[in-house]
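Let's take a walk through this protein together, going from the overall fold down to single pairs of side chains. Please have your viewer open as you read.

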Amino acid sequence: MTQSPPASRPYDPLVFWVSASITVLFVLWSILFPENMNTAINAVFSWTTRGWGWLYLLTAFLLVMACFTLMIGPYGKLKLGLPEDKPEFSDFSWFAMLFGSAIAAGIVFWGPAEPAYHYMTPPPYFGGEALTPAAGANAMTYSFFHWGLSAWAIFSLLTIPLAHACFTKGLPFKFSSAFYYVLGDKVHGNWGRVLDIFAVFATLGGLATTTGLVALQLSSGLKYQYGLELGTGGMYLIIGALTVVFTLAVYTGLEKGVKIIGDVNMYIFVGVWFFVLIFGPTLFLINLTTNSIGQYLIHFLPMSLYTAPAVEGNWIGSWTVFYWAWWMSWAPFVSVFIARISKGRTIRQTVAAVLILPTLGNFLWYGVIGGAGIHYDVTATLQEHGVESAIFAIARNLPLTGILAVFLIFLIGTFFLTSANSAAIALAMFVSGHENPGRNLRAFWGIALGAVAAVLAGTGNLKAIQTASIATAFPLMFLLLWVIYGTFKGLKQYQAEFGARATSAAESRKMRKEGASEAV
């Protein structure tokens, strides 16, 4: 029994109409009553980050612990699939795909911006004087924390039960399949549909945040580098152009072309990193990265549970809680993608590849690109033009600035396009139950992604853009805690059943062998 609707039905009516209707109503509300929407967004942001920030922190920490338990424990040797299943991709291709599926344009936006911001306004956990060597080291350490193990644990933990249930139980690649070991066959009914509706809104919120950040950064780059003042209309133009491109890609079946662009994008990503490392302050960047990794390992536990008590403002809500919510909102579609490409891998291999290797990759990018921002002190530019201008301010301190800026704009746009392409297809899968949903359905969700992003980015308010992730990830936080329980319960049960089958098979072989000996 599967959760997929009949082949003749292009989508699940309940999942589609509920999620589509609420999406359309939100867009109309934002257009017709923008001030009311802004007030509601501020209220949601304050309520979730101040009242529930502690639980976001605790959930992310528990996910990290659960991932390490899976990796080093007895379940690590179990396969995501049947015992005879083999990996479908080489190790390099597999890692490149899973890393690219979740990195998106966010790392290009925040990689140079976040360390510089923390450099001029030290995180309350460390405190101290701004714009000092110690402030630089602490700024990079907290940036590593936000893009380190906690982020990737969210994707990793959700991938394991989803992939295991799909490959061993024959379930469809939908978010709800991750809850099979908690709900059993109920995932095939209304419980599963409710979970998939949550997944739709989480993906919309996560991608709307990313789209808004990309639009802000591209607009800032055009203004800062070329003097083009686009204003709010320019934001809509950028989002509209991006939406047209990835919607056409998913509608016409040009995903292969987008994937080729994604491959080129990865080469440019690595090339930009080497360029900044070689032509920037090389020794400073190496020392800062090495030092910050050490500080990260020392402070990981207290930072994971630091709620900034008795500190004025809402620093934790604006940074750590936002990040954890952003990762959670991306988790449904990223985990579905990683699960689909991980057949035949052991749980230990998968957790290590999703948790450890991308963390190291993020450290290297932040250490070099963000470190350059600290060395060149781009904080004045951030204060005048916003955090979205950081990457272009760094480029002005390096040779071949004009060429580098072109590559950066290409990098930002194409990173987003590859992720948005995958997200539109994932949304169509969530509401259809088919691995290859119809093109009209894919196009609808492509347009929906762009529309939600446009109404949020049109406010010009970074908080509004961030709130899209925080609000949609709120129910996912509780679901992820549920998944931790279900994962260990299901793997324990599967290991017991598999062991019993293996014992039975061995006894049968022994009896056949003894019977043959007696016959002789």
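What follows starts with the whole chain, then turns to one helix and to the salt bridges.

Keep in mind from the outset that this is a predicted model. Its secondary structure is simple to list: the protein chain has 18 helices and 0 strands. Of the 520 residues in the chain, 57% are buried. If you look at contacts between residues at least 6 apart in sequence, 84% of them join residues at least 24 apart. On the outside, the chain exposes about 20600 Å², and carbon and sulfur atoms supply 66% of that area.

Now pick out helix H13, which runs over residues 347–375. A quick check on its length is easy to do: with 29 residues at 1.5 Å a residue, H13 should span 42 Å, and because its end C-alpha atoms are 41 Å apart, the expected and modelled spans agree. H13 does have a bend of about 30 degrees, located at Ala-353. After the helix comes Asp-377, which has a positive phi, near 50 degrees.

Next, the charged pairs. Side chains of opposite charge can pair when their charged atoms come close. How many salt bridges does a search of the whole structure find? The search gives 2.

One of them brings us back to the neighbourhood of H13 in the sequence. Asp-91 and Arg-345 meet through their side chains, with 2.5 Å from N to O. Asp-91 belongs to helix H3 (residues 91–103), while Arg-345 sits in the loop between helix H12 (315–340) and H13, so this salt bridge links distant parts of the chain, 254 residues apart. Are the two partners buried or exposed? Asp-91 has a relative accessible area of 53%, and because the cut-off for exposed is over 50%, Asp-91 counts as exposed. Arg-345, at 3%, is buried.

The other salt bridge joins Asp-196 and Lys-174, whose closest N and O atoms are 3.3 Å apart. Asp-196 lies in helix H8 (residues 190–226) and Lys-174 in the loop between helix H6 (149–169) and helix H7 (180–183), so the pair ties together parts 22 residues apart in sequence. Here Asp-196 is buried, with a relative accessible area of 0%, and Lys-174 is buried too, at 2%. To view the two pairs in turn, select Asp-91 with Arg-345, then Asp-196 with Lys-174.

Terms used: Residues are numbered from 1 along each chain as its sequence is written. This is a predicted model: local features need pLDDT of at least 70, side-chain atom pairs count only at pLDDT 80 or more; totals for chains, interfaces and linings use all residues. Side-chain values use heavy atoms; hydrogens and water are left out. Helices (H or I, at least four residues) and strands (E, at least two) are DSSP runs, numbered from the N terminus. Buried means under 20% relative accessible area, exposed over 50%, partly exposed in between (1.4 Å probe, protein chains only). Contact means heavy atoms within 4.5 Å. Accessible areas come from the Shrake-Rupley method with a 1.4 Å probe; for residues, only the protein chains shown count as cover. The expected span of a helix is 1.5 Å times one less than its number of residues. The bend at a residue is the angle between axes fitted to the seven residues ending there and the seven starting there. A salt bridge is a side-chain nitrogen of Lys or Arg within 4 Å of a carboxyl oxygen of Asp or Glu.
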